[in-house]
Amino acid sequence: MVKYLLLTLVLLFCEIAVAQQRVKITGTVCDMQTKKPVEGVNVILQDISRRIIYGYDITQGNGSFSISCQAGPDSLSVVIKGFNVREQWQIVACRSQQIDLLVEFERVKIKEVVVKAPSVTRRRDTLSYMVAKYLDPTDHTIGDVLRKMPGIEVAKSGEIRYNGRAINKFYVEDMDMLEGRYGIATNNIQARDIAKVEVYENHQPIKALQKLAPTDRAAINLRLKESAKGTWNATLQLGAGYKPWMRNIEATTMYFGRRFQTLNTYKTNNTGDDVEQELTSFYGGLGSTLSILGVHTPTKPSLDKKRYLDNDVHTISVNTVTKLKKELELKANAHYIHDFRTSKGSSITTYYLSGQSPLVIREQTLADQRNDRTEVNLQLNSNTSKHYLQEKFTFSGEWNSDLGRVMMGDDRVDQRFRLPKITIRNRFHNVRQFRKWTLNFNSETDYSTQPTTLRIYPMLYPEVFDTPTDYPNAHQMLDRKCFRTQNRAFTSYSVKRWNFSLNAALNARIERMDSELAPMNARGQTLPTVDTMRNDIYWRKFDLIVGPGISYRIGEKFNASLYVPLDFMSLRTEDNVRGKTDKSDDLIFSPSFSIQSALTVNLKFSARASYQENIGGLYDTYSGFIMTDYRMISSKKGEISRNKIQNYSASFSYGNAIRALFGSFDIRYWRTQRNLMYGTTYEGSLSRIESVLLDNNSKGGSVNGEVSKRFDGISTTMNVSGGFNRSWSEVLRQGKVMQTTYDLATVSFGFASQFTQAVRLDYDVEYSRSRSNIEGGDQLEPIDVVQQEATMNFIIKKKFICRVGCDYYYNAGVGGADRNMFFLDAGLEYNIGRMAYSIEARNLLDTRVFNSASYSDITSYVYSYKLRPASVMFKVKFSLR
């Protein structure tokens, strides 16, 4: 492994060394007899000995070619090859020039031809992965194949990364129908329908901004086979199993045409499969609802969700896109989720204190969580090189209803939580380009209402609130309404390689929060709320942002940009309970500088530095106490938080299609200065969180790298990654400031290999070490964690597939035999025509509880979580095509 990493580093540094000068050779290839242009001929640039290839191109319809390479020896050999074209070459000087070449055709007698296409090819900034080179009978959806492609990483959440960075677009035949919910595509489009997966490096989705707003993120595009275009396909899956009695039903319809696409799904199960996950938008969007109130739930284990998720879920997703004109699209997306989850676990939480014995809290926790969520999006979109238009309307509704129970020795606490939320949002974006001028206007406006309630039976600390004995319970109400609008415009003017822009923005955020914490009796009646337990806050923030920007660009090779915005901010907070009004008018300076450079065709570099100041929001300004869960109350005393943040980062990315070798290296540093500290005071198991005016700092850095390589000869993709993160921060507990350090080091290795036509092996191992320290105090023992996953597939005549999987977990923070955990799965699959039959057995060792340990700042957690029992599931799947 070490030799392999050293070889990769040598290749990277070699490419940097020769990237200072480039040679561009252009020309045409014509038929010697007819003088007509010849299309499809390979033109290769090599050294005179013809051992090293510096570049290549394929002639276009007019016979033209263009090859760029780094300056090398004094002379180069231009070689012409092609089907029934006589091979010839010509010696030229190593300098930029134009060459016109003549070729002769010859008859070629072919006895036997075996064509082996490379697994990945590059054409400028586009990489093409040939799906057939990675596909085997065990792959069902395109997501299964993506996981085996070098340079592409698919997280368990479904998020796709290329060379360590999240993608910014996911297309099917260059149409973005799913608006970030691309898990619907990766988990439902059949792998056999995809011809190739394309990666667009440095992809700017808005064509009119491609030269003005470069990016270092990539996009993925699925190219369908001809047989899958313009035809309907549908799949239906029925599954039943035991223990407990289980169901798994899925229905999918899809159509991909040139002007119309649709992908629709209905899924329901209670087997632990998290189908809700594929409806997550990785472009951002509204996301799930967050609230400072909530039921205390067991800590989720670091396992695949299928091992512990006790669920009952229904999801419906409808997605369509229609091309009204060549570049004008109309999209519609609608989703509904009903999810009921039950969890059970226990925990030991240790809070380390300065100069005192640690505080240890032992809990047994049960929770039932019900979530109903719907979202509808309608969007009109036009995207040309001169004009971009987006009009998008979104409606979202969410209803949460949670129950929880916590037992602490002889004490038992029940919790009930309700949260309905409605959000309406509109986004308008318009870009126009006029020769050297560009105008850009972007507006986003939304309104949301979020009333929440939390009830505690009984309240464990009546003496804190001085409540009568016949009102033993607590009722926390919090009602929040928010109006937000962000409007940004900029104009730019280009002069040769320079671009000058002027940016302006007008933003407003208006919020209202009412909260009451009151004693409650058994009939649900409450006493009048005292002022110390009430909040009625009006919060308003206006921002007028003006700033120039300048960028310098050399084609696609280099781009540097500087943006210097000035934010004239006006903040007003009214506390109607305490009759207090705070006003603040500030001038905030937030510059940023970035560089992007294509050092070679394969090697790219980017760096960024930024400084910004953040002002705290509504939840940072309340003075009345709020009970956020059964043993935690907080008050921020109405002070406004101000954070000054510095960020610095640099990264290299390498993608060599010829060698099928990909890698990335990132280094980051950040530093934050704050005027407030949020201190915790423990009174038994009750936590009081209050803000204190006290300057404090935190900082951190990280170094991460990864390498992936495809070996076509043995049909194997290998991945190696590792990183180290360290952060320094100050923690306020029991009125004392503690300097803390947190370290995390990780190393991982994995491969997916089909050694023979009959055997495929997938293996992943990850090691991590975490450690927390208190300066001048407790030095906590490091926690070593090892996770291994191995799956062996035996393929018999491409119809029968026998699968055996084993997972192993080791956690040094857990005592005794529980630090080693094993899981065993098995399955059998039979495919015939359009039908697929499978039987799957999970957790054959019947492991019932998962134990683990972890650190968070200077708090340690040891927890256990109830797992799903051993089970067997039988499925039948039918495909229309």
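This is a stop-by-stop tour of a predicted model.

**Stop 1: confidence**

Colour the chain by pLDDT. The mean for the protein chain is 88, and 95% of its residues reach 70 or more. Where is confidence lowest, and where is it highest? Select helix H1, residues 2-17, for the low end, with a mean of 43. Then select strand E18, residues 260-269, for the high end, at 96. Now select residues 1-20. Here pLDDT stays under 50 throughout. The model still has 27 contacts beyond four places in sequence for this stretch.

**Stop 2: the nonpolar cores**

Select Tyr 129 and Val 197. Both belong to the largest nonpolar core, which has 42 residues. Within that core, these two touch the most other members. Stay on Val 197 and show its surroundings, leaving aside neighbours within four places in sequence. Its contacts include Leu 127, Ser 128, Tyr 129 and Val 131. Ile 142, Leu 146 and Met 149 are also in contact with Val 197. So are Ile 220, Asn 221 and Leu 222. Apart from this core lies another, of 35 residues. To find that second core, select Ile 361, Ile 456, Ala 474 and Met 513, which are among its members.

**Stop 3: salt bridges beside the first core residue**

Move one residue along, to Glu 198. What is its salt-bridge partner? Glu 198 pairs with Arg 223, with the closest N and O atoms 3.0 Å apart. Glu 198 lies in strand E14 (residues 194-200) and Arg 223 in strand E15 (residues 219-224), so the bridge ties together parts 25 residues apart in sequence. Are the two ends buried or exposed? Glu 198 counts as buried because its relative accessibility is 7%, under the 20% cut-off. Arg 223 is partly exposed, at 22%.

Widen the selection to Glu 173, Asp 174, Lys 196, Glu 226 and Lys 229. Together with Glu 198 and Arg 223, these residues are linked in a network of salt bridges.

**Stop 4: a bridge across the sequence**

The whole structure has 59 salt bridges. For one that spans a long stretch of chain, select Asp 125 and Lys 604: their side chains meet at 3.8 Å, N to O. Asp 125 sits in the loop between strand E8 (120-123) and strand E9 (126-130), and Lys 604 in strand E32 (residues 603-615), so the pair ties together parts that are 479 residues apart in sequence. Lys 604 counts as buried, at 10% relative accessibility.

**Stop 5: a nonpolar patch on the surface**

Switch to a surface view. Select Leu 502, Leu 506, Leu 544, Val 546, Leu 566, Phe 568, Leu 587 and Phe 589. They make a nonpolar surface patch of about 700 Å². Which elements give two or more residues to the nonpolar patch? They are strand E26 (498-520), strand E27 (534-554), strand E29 (566-575) and strand E30 (580-589). Pick Val 546, which lies in strand E27. Val 546 is partly exposed, with a relative accessible area of 33%.

**Stop 6: two cis peptide bonds**

Most peptide bonds are trans. Two stops here are cis. Select Lys 243 and Pro 244: a cis peptide bond joins them, with omega about -5°. Pro 244 is in the loop between strand E16 (232-242) and strand E17 (246-256). Next, select Tyr 457 and Pro 458. Their peptide bond is cis too, with omega about -15°. Pro 458 lies in the loop between strand E24 (437-457) and helix H4 (462-465).

**Stop 7: positive phi in two loops**

Most residues other than glycine have a negative phi. Go to Gln 734. Its phi is positive, about 55°, although Gln 734 is not a glycine. Gln 734 lies in the loop between strand E38 (716-733) and strand E39 (736-756). At 25% relative accessibility, Gln 734 is partly exposed.

Finish at Asp 846. Its phi is also positive, at about 55°. Asp 846 is found in the loop between strand E44 (835-842) and strand E45 (849-856). Which residue does Asp 846 form a salt bridge with? The partner is Arg 848, with the closest N and O atoms 2.9 Å apart. Both ends are partly exposed: Asp 846 at 32% relative accessible area, and Arg 848 at 40%.

Methods
Residues are numbered from 1 along each chain as its sequence is written. This is a predicted model: local features need pLDDT of at least 70, side-chain atom pairs count only at pLDDT 80 or more; totals for chains, interfaces and linings use all residues. Side-chain values use heavy atoms; hydrogens and water are left out. A nonpolar core is a set of buried Ala, Val, Leu, Ile, Met, Phe, Trp, Tyr and Cys residues joined through side-chain atoms within 4.5 Å. Buried means under 20% relative accessible area, exposed over 50%, partly exposed in between (1.4 Å probe, protein chains only). Contact means heavy atoms within 4.5 Å. Patches are made of residues with over 30% relative accessible area and no salt bridge: like charges are joined within 9 Å, nonpolar side chains (Val, Leu, Ile, Met, Phe, Trp, Tyr) within 5 Å. Accessible areas come from the Shrake-Rupley method with a 1.4 Å probe; for residues, only the protein chains shown count as cover. A salt bridge is a side-chain nitrogen of Lys or Arg within 4 Å of a carboxyl oxygen of Asp or Glu. Helices (H or I, at least four residues) and strands (E, at least two) are DSSP runs, numbered from the N terminus. pLDDT is the predictor's confidence in each residue, from 0 to 100.
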